[in-house]
Amino acid sequence: MLEKYNFSQIEKKWQKKWEEGNTFKVAEDPNKEKYYVLEMFPYPSGKLHMGHVRNYSIGDVIARFKRMNGFNVLHPMGFDSFGLPAENAAIKNNVEPSLWTLNNIKEMEEQLKELGLSYDWDREVATCQPDYYKWMQWIFIQFYKKGLAYKKENPVNWCPSCQTVLANEQVVDGKCERCGTLVGKKELSQWYFKITDYAERLLDNLEELPGWPNKVKLMQKNWIGKSIGAEVAFEIDGYDKGLDIFTTRPDTLYGVTYMVLAPEHPFVEELIAGSQYEAPVKAYMNKVQHMSDIERTSTTNEKTGEFTGRYCTNPLNGKKVPIFISDYVLMDYGTGAIMAVPAHDQRDFEFAKKFGLEIIPVVSSEDPQIDVYNLKEAFDAEGNMINSEMFTGMNNKEAITKIIDYLEEKKIGKKAINYKLRDWLISRQRYWGTPIPMIHCDNCGWVPEKEENLAVMLPTDVEFTGKGESPLATSKTFEHAVCPVCGAPAKRELDTMDTFLDSSWYFLRYCDAKNEEEAFNIDKVKYWMNVDQYIGGVEHAILHLMYARFFQMALYDLGYTTTMEPFQNLLTQGMVIKDGAKMSKSLGNVVSPVEIIQKYGADTARMFILFAAPPERELDWSDQGVEGSYRFINRVYRMVYEFSQKYNDVPENYEIKSDADKSMAYWMNYAIKKVTEDVGGRFNFNTAISTIMEMVNEMYRYKEGTIEAGLFDSAIKNLIIMLAPFAPHVTEEMWAHMGYGGSVHQQKWPDYDKKALVKDTVEIVVQINGKIKEKLNIAGNLSREEMEKVAMEDDKVKELTDGKNIIKVIAVPGKLINIVVK
């Protein structure tokens with residue numbers, strides 16, 4: 001009697017065996033080539049979603065395939081476990097963040113193991129555990145010693161009602177998302193990392209990453225935002241400081257008709273002090289405080305601003321121009337001041353029109369439809385210089401270099417490079433994060449904690465009220481410290497680190513996860529790094545991937561790593577959607593992985609999610625598709641068990657005797673070749689599974705006739721091995737049932753026989769004007785001319801072309817003949 005495919009029993013059985021046998025535990029082996037495959041680790045929300053299942057299934061197929069191809073594979077997992085949700089849960093449910101987080105980790109560990117993922121769980125990390133954040137603090141101190149960490153005043157979003165700092169995402173329409181109060185700005189002293197020191201290297205090294213998607217590299221390039229231009233100093237009338245601006249368009253300097261400062265610019269208060277403009281400018285500054293950067297820079301907003309009552313001098317032509325403040329200029333971009341050229345910049349044009357300011361064109365248009373002296377909108381195309389003294393008549397692109405040279409000659413400006421990239425603000429006024437290991441002493445200033453005193457532990461005597469600058473301030477024990485330099489009473493930093501820091505080096509900790517003496521051993525890092533294949537969502541293309549690259553470069557410069565880039569290859573998988581939309585509770589289209597596993601098994605969930613779409617594309621969930629994957633696994637399972645019941649002591653050697661044998665041998669070797677190429681080279685898992693399905697169809701056809709048992713047994717063996725990375729539990733079960741010995745996941749990946757892929761005959765289609773009219777079996781080695789001759793002599797083809805004018809015949813060897821008739 002055929003044994004039923006009891007997925008629940010089978011999957012639990014093999015998960016237990018793998019865990020007890022440490023099947024996927026790995027260590028450095030200098031005699032084996034390493035392969036490090038890593039999926040971005042999750043935040044422990046407590047529940048896996050289908051995006052997780054897709055991400056981890058992709059990584060697991062790669063890991064299993066590489067092991068079977070002889071690589072020493074590092075495939076770890078952990079949890080990015082600091083963050084605001086745990087703190088919010090503490091406020092809402094009166095539960096400690098650590099308890100909430102660790103319970104969620106435990107739940108997610110169980111779900112990950114239920115998927116049969118081949119992780120080395122001995123290397124698990126959780127960023128909220130002291131044995132991890134101790135070394136996060138140590139890295140911070142190394143960065144501080146190198147001059148990469150510094151502190152400065154910076155405005156933050158502040159809710160006066162909640163008495164707390166808000167992230168930009170928590171400000172909605174200028175109001176606190178919690179209580180609806182109008183949000184203001186508050187100056188806070190905060191810690192930064194000097195990522196800008198690495199701007200050029202972060203940009204240049206993108207060329208050394210051919211294994212990254214071009215779209216991701218372009219996103220990083222745009223985020224870094226390198227621009228070459230000029231830095232020019234405008235003298236302010238009656239003021240002893242110059243106004244420095246950066247422009248990528250020095251060719252438009254003669255068209256400057258006003259200047260604009262960001263409302264937060266440090267000069268503003270001094271420029272308006274005691275004047276008639278002080279009150280309206282301050283009122284405007286207060287209004288802008290309640291606007292987000294997105295609102296301020298929106299191109300659809302009506303332009304607003306205030307005149308400061310001051311003027312500055314254009315250093316090229318000596319013209320005096322008024323100085324305004326406006327919300328569309330941000331303090332943290334460039335110098336916080338811009339020169340306004342309304343004839344050639346649309347924002348400046350709209351502002352000038354509203355405030356009745358002069359518009360002077362300095363670049364002419366070759367388009368007769370555009371009158372630059374009567375513009376309806378700014379003209380920003382190429383042309384010849386006008387109204388520009390000695391530069392008039394030049395092409396404006398050529399004039400850029402000439403004007404920069406002139407500025408440098410006259411010592412009124414210089415060539416400059418600017419980056420949109422800003423230093424990384426890493427301070428967070430939160431509890432559930434890594435404490436910043438810095439101490440402030442009245443005598444010594446800011447000094448790092450002694451390294452032997454790490455970790456600086458999070459206190460447990462805190463109040464989660466949701467109010468105040470930092471929950472750590474509510475602890476009676478945390479703030480008070482002793483200066484590590486002079487021994488005087490001192491105070492600890494009360495901010496914690498941005499959680500992006502924790503995920504910027506976790507891949508290094510995986511190389512040596514249990515090391516209590518150092519963050520990681522350099523010899524182990526040298527063996528495993530860099531990550532050969534990194535997998536995650538494209539939403540992390542900028543921040544996480546940029547920060548991880550910065551960390552790796554800084555640690556390389558410090559001598560702690562031997563590679564400058566952390567991730568050799570990057571795969572950004574597409575989202576899982578349902579009914580054409582992203583899965584969400586509000587839309588009611590969420591599919592629970594737990595429910596799918598309970599109903600169909602983990603192997604079915606994995607098979608469907610890998611078969612439904614190429615990994616980089618969106619995957620549209622289909623209940624019918626899941627059922628189809630379940631039926632397919634059952635079909636394979638039945639075939640294997642039926643064969644084992646019918647045949648005993650099958651010989652390993654076999655002879656190819658019949659055409660059916662030849663066809664079966666062809667399909668087996670073709671499948672090995674195709675699946676190897678699709679999984680090993682292109683990650684086309686969907687087409688690999690499709691090929692396996694075609695092979696199974698051929699096996700079913702073959703077994704209906706007289707079979708060569710040894711050949712069929714070989715086909716089963718190769719089928720199970722090829723299916724193993726996708727459906728690890730059922731393949732392990734079938735492998736054991738067939739008595740092949742050992743674990744299927746420790747078998748060598750099969751090679752194909754090239755000779756078996758040479759067909760004696762092939763089936764080709766005959767098309768007439770592109771429409772299939774006939775199928776012919778012909779010799780497999782015929783040339784184009786020979787194929788054409790055979791086709792034209794076929795009785796049905798003769799009948800179909802009789803009396804028609806044959807224009808041409810197109811032959812594709814081994815595939816088709818297309819006859820074009822008129």
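Which residue is the bridge partner of glutamine 767 in β32? In this predicted model, the partner turns out to be asparagine 818. That pair belongs to a parallel pairing of β29 with strand β32 (residues 816-821), which runs over four bridges. On β32 there is also an antiparallel arrangement to look at: strand β31 (residues 806-812) is joined to β32 by six bridges. Within it, lysine 808 sits opposite valine 820 of β32. The hairpin of β31 and β32 has three residues between its strands, and glycine 814 takes a positive phi near 80° there.

Stepping back to the whole chain, there are 24 helices and 32 strands to keep track of. The protein chain has 822 residues, and 53% of them count as buried. Taken along the principal axes, the C-alpha atoms fill a box of roughly 105 × 80 × 50 Å. As for how the sequence folds back on itself, take the contacts between residues at least 6 apart in sequence: 72% of these join residues at least 24 apart.

β29 turns up again at the second largest pocket, which holds about 560 Å³ of space. Two elements, α19 (659-682) and β29 (761-768), each give two or more residues to the lining of this pocket. Of the lining, α19 gives the most, with eight residues. The lining comes to 21 residues in total, and those nearest the centre are Lys662, Ser663, Tyr666, Lys759 and Asp760. Sorted by class, the lining is a mix of nine nonpolar, five polar and seven charged residues.

Just past β29, the backbone does something worth a look. Asparagine 769, in the loop between β29 and β30 (771-779), has a positive phi of about 55° although it is not a glycine. With a relative accessible area of 43%, asparagine 769 is partly exposed. Another asparagine with a positive phi of about 55° is asparagine 94, found in the loop between α3 and α4 (97-114). Here the relative accessibility is 73%, so asparagine 94 counts as exposed.

Helix α3 (residues 84-93) also has a part in the largest cavity, giving three residues, the largest share of the lining. A search of the whole structure finds one cavity of 30 Å³ or more, and the largest cavity has a volume of about 110 Å³. Its lining is made of 16 residues, with Glu87, Thr164, Gly466, Lys467 and Pro471 closest to the centre. By class, the lining of the largest cavity splits into four nonpolar, six polar and six charged residues.

Another piece of the picture is helix α7 (residues 214-224), whose buried residues are Val216, Lys217, Gln220 and Ile224. They lie on the same side of α7 because they cover an arc of only 100° around the axis. The general rule is that an α-helix has 3.6 residues a turn, so residues three or four places apart point the same way. What do the buried residues of α7 pack against? Their neighbours are α6 (199-204), α15 (543-557) and β25 (570-573). Right after α7, glycine 225 takes a positive phi of about 60°.

β25 itself is buried on both faces: Leu570 and Thr572 point one way, Leu571 and Gln573 point the other way, and all are buried. This follows the usual pattern, in that side chains of a regular strand alternate between the two faces of the sheet. β25 pairs in the parallel sense with strand β24 (residues 533-537), over four bridges. In that pairing, glycine 537 has glutamine 573 of β25 as its bridge partner.

The route into β24 includes a cis peptide bond. The bond joins methionine 529 and asparagine 530, with omega about 5°, and asparagine 530 lies in the loop between α14 (522-528) and β24. Another cis peptide bond joins leucine 454 and alanine 455, again with omega about 5°. The loop that holds alanine 455 is the one between β20 (445-448) and β21 (480-482).

Technical notes
Residues numbered from 1 in each chain as written. Predicted model: local features only at pLDDT ≥ 70, side-chain atom pairs only at ≥ 80, totals over all residues. Heavy atoms only, no water. 1 Å grid on protein atoms, 1.4 Å probe; cavity = no way out; pocket = protein on both sides within 12 Å on 5 of 7 lines; lining within 4 Å. Points joined across faces, edges and corners; volume = space filled by probe spheres on them. Nonpolar A, V, L, I, M, F, W, Y, C, P; charged D, E, K, R; others polar. Buried < 20%, exposed > 50% of the residue type's maximum accessible area, 1.4 Å probe, protein only. Arc of directions from axis to C-beta. Contact = heavy atoms within 4.5 Å. Pairing = 2+ DSSP bridges.
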